[in-house]
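Work through the exercises below with the sequence and the coordinates at hand. Each task is followed by a stepwise solution.

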Amino acid sequence: MKNDRGKSDREVVPEKLPNEADNHAEEAMEGSNRAKGNSAKRDKPWTLSQTGLPSALERVGQAARQDRRIRFTALMHHIYDVGRLREAYKAVAHDAAAGIDGETWQHYGEKLEENLQDLSGRLARGAYRARPVRRVYIEKADGRKRPLGVPALEDKIVQRSAVAVLNAIYEVDFLGFSYGFRPGRSPHQALDAVAYGMWKKMVNWVLDADLQSFFDTLEHEWLVKFLEHRIADQRVIRLIQKWLNAGVLEDGKRMVSEVGTVQGGSISPLLANIYLHYVLDLWIEQWRKTRAKGDVLIVRFADDFVAGCQHREEAERLLEELRERLTKFGLKLHPDKTRLIEFGRFAQQNRQERGNGKPETFNFLGFTHCCGTDLKGKFTVIRKTMRQRMLKKLKAVNLELQRRRHLPVGEQGRYVQAVISGHVRYFGVPLNSRPIRAFRTLVIRLWKKWLSRRSQRGYLTWDRMQWYIARWVPHAVICHPYPSARFAR
């Protein structure tokens, strides 16, 4: 590929890069032979107006797929392309909170083309400057506060544009067991991969791992080295460094650190995936090929991952060597949340023989995973809504209904409808019907409680409440297929 100046978009590295692994999720495509008697004409259309011509990012992806050792030397012009910046602007949430500049999506759009042309020009000249992100906090399930950053609007736009370009390269490299924040992948695919893998593989021990403060501890120096495995365009590297070094504005003070990336920006999940791709994914893929004798299962969603082993000694060795590997790159496992448990099709029988009781459970992506049996008596993984998640959500719903109690019933009903529908869409997996029905019932009771306190007239009868329920409250039904039905496909 060539850019507008005729320079190559890629550069072949003569020696093989370390930690290189094949992407097992990649599908091979077979082309058809030319029919006999047809002239040997060009397969691709000659003009831009004709259909079938691959886009610029498709050509980048094709080049990345053809040779895993290619380093791309000219990518910046894809990022500051006005059309791509326009698409990035449209993808930004319209009601998102403003950054430190106070610029809103609506106000920026009043002179959109003029603003995008100016932004593109500054990116092309190197005059673009990243602004510090505004720090906000949200409460976690365990009561702690999770720090999030709110970037300025133009930073959001440029980051989204950069993610679109870099995804064309790294989606080729990322391994199949990585599911977090990737196009076409979802938390439910990761959940299905865990359940289906437990069912198909001989997994008897599970490493329930948690990276301690991952987004706050990843080292910028290592991240840049990882990026340079594929990106030789120093303008793109400097652009990413601008975001890393922009710092955080909290209580009027700007804080800059040489470690960590602020959660909340569009670029942060991709940078996290790139970091863990080189630190964890490639390493553990090589480990299970060369070090393990039994079955090994690994599923990662962003910085949360689950590993399973057939043999206990291999699981213990994996945990020990994993700690050493992470320490080398400035990461560490949470001492209180990382544990090795007996889990799998033989766990219940083995523990009963030893008098240890029921198998332990582990949490992943909002679900508590338990050993169980299906209707035919065969082993299966039962996934239930985490109790802490449900209690936290009910607490938030209670406070919100209290705040809305004097609004019209229709507005309250639409809020309740959205809450229950969203909860069921996520937690409505097979064998989890009882918890989602319990959540629906408890939300109804909370709504009735605050409707009864709207005025001095007092108690709201259940006959009247039944009319509200029929009008606004959706049913709690299972809306996801079994893992074997979706993941095997």
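**Exercise 1. Strand β8 and its hairpin**

Task: determine how many residues of strand β8 (residues 296-301) are buried, and describe the pairing of β8 with strand β9.

Solution.
Step 1. Helices and strands are DSSP runs (H or I of at least four residues for helices, E of at least two for strands), numbered from the N terminus. Buried means under 20% relative accessible area, exposed over 50%, and partly exposed in between, with a 1.4 Å probe and protein chains only.
Step 2. In β8, 6 of 6 residues are buried, and the strand is mostly covered. This is a predicted model, in which local features need pLDDT of at least 70 and side-chain atom pairs count only at pLDDT 80 or more, while totals for chains, interfaces and linings use all residues. Residues are numbered from 1 along each chain as its sequence is written, and side-chain values use heavy atoms, with hydrogens and water left out.
Step 3. In a regular strand the side chains alternate between the two faces of the sheet. Val-296, Ile-298 and Arg-300 point one way from β8, Leu-297, Val-299 and Phe-301 point the other way, and all are buried.
Step 4. Two strands pair if DSSP finds at least two bridges between them. β8 and β9 (residues 304-309) run antiparallel and are joined by 6 bridges; Arg-300 has Phe-305 in β9 as its bridge partner.
Step 5. The hairpin of β8 and β9 has 2 residues between the strands, and Ala-302 takes a positive phi near 55° there.

**Exercise 2. A residue in helix α11**

Task: is Asp-281 buried or exposed, and which residues does Asp-281 touch?

Solution.
Step 1. Asp-281 belongs to helix α11 (residues 267-290).
Step 2. Its relative accessibility is 0%, so Asp-281 counts as buried.
Step 3. Contact means heavy atoms within 4.5 Å. Leaving out residues up to four places away in sequence, Asp-281 touches Leu-175, Phe-177, Ser-178, Leu-276 and Arg-300. Arg-300 is one of the buried residues of β8 from Exercise 1.

**Exercise 3. Helix α6 and the nonpolar cores**

Task: compare the span of helix α6 with its expected value, then find which residues touch the most other members of the largest nonpolar core.

Solution.
Step 1. The expected span of a helix is 1.5 Å times one less than its number of residues. The 21 residues of α6 (residues 153-173) should therefore span 30 Å, and the end C-alpha atoms are 30 Å apart, which agrees.
Step 2. The bend at a residue is the angle between axes fitted to the seven residues ending there and the seven starting there. α6 bends by about 45° at Asn-167.
Step 3. Of the 21 residues of α6, 18 are buried.
Step 4. A nonpolar core is a set of buried Ala, Val, Leu, Ile, Met, Phe, Trp, Tyr and Cys residues joined through side-chain atoms within 4.5 Å. The largest has 83 residues, of which Ile-157, Tyr-170, Phe-214, Trp-243 and Tyr-275 touch the most other members. Its largest share, 14 residues, comes from α11.
Step 5. Another core, of 51 residues, lies apart from this one and includes Tyr-179, Val-206, Val-397 and Val-416.

**Exercise 4. Two open sheets**

Task: what is the strand order of the sheet with 4 strands, and what is the order of the sheet with 3 strands?

Solution.
Step 1. The order of the 4 strands is β4-β3-β6-β7, in an open sheet with mixed pairing. Since β4 (145-150) and β7 (253-255) stand at the edges with a single partner strand each, one side of each is left without a neighbour in the sheet.
Step 2. β6 (residues 248-250) runs antiparallel to β7, with 3 bridges between them. Val-248 has Met-255 in β7 as its bridge partner.
Step 3. The 3 strands form an open, antiparallel sheet in the order β11-β12-β13. Its edges are β11 (362-364) and β13 (379-385), each with a single partner strand, so one side of each has no neighbour in the sheet.
Step 4. Antiparallel pairing of β11 with β12 (residues 367-373) covers 3 bridges, and the bridge partner of Phe-362 in β12 is His-369.

**Exercise 5. Trp-450**

Task: where does Trp-450 lie, and which residues does Trp-450 touch?

Solution.
Step 1. Trp-450 is in helix α16 (residues 433-451).
Step 2. Trp-450 counts as buried because its relative accessibility is 7%.
Step 3. Not counting residues up to four places away in sequence, Trp-450 touches Asn-398, Leu-401, Gln-402 and Arg-405.
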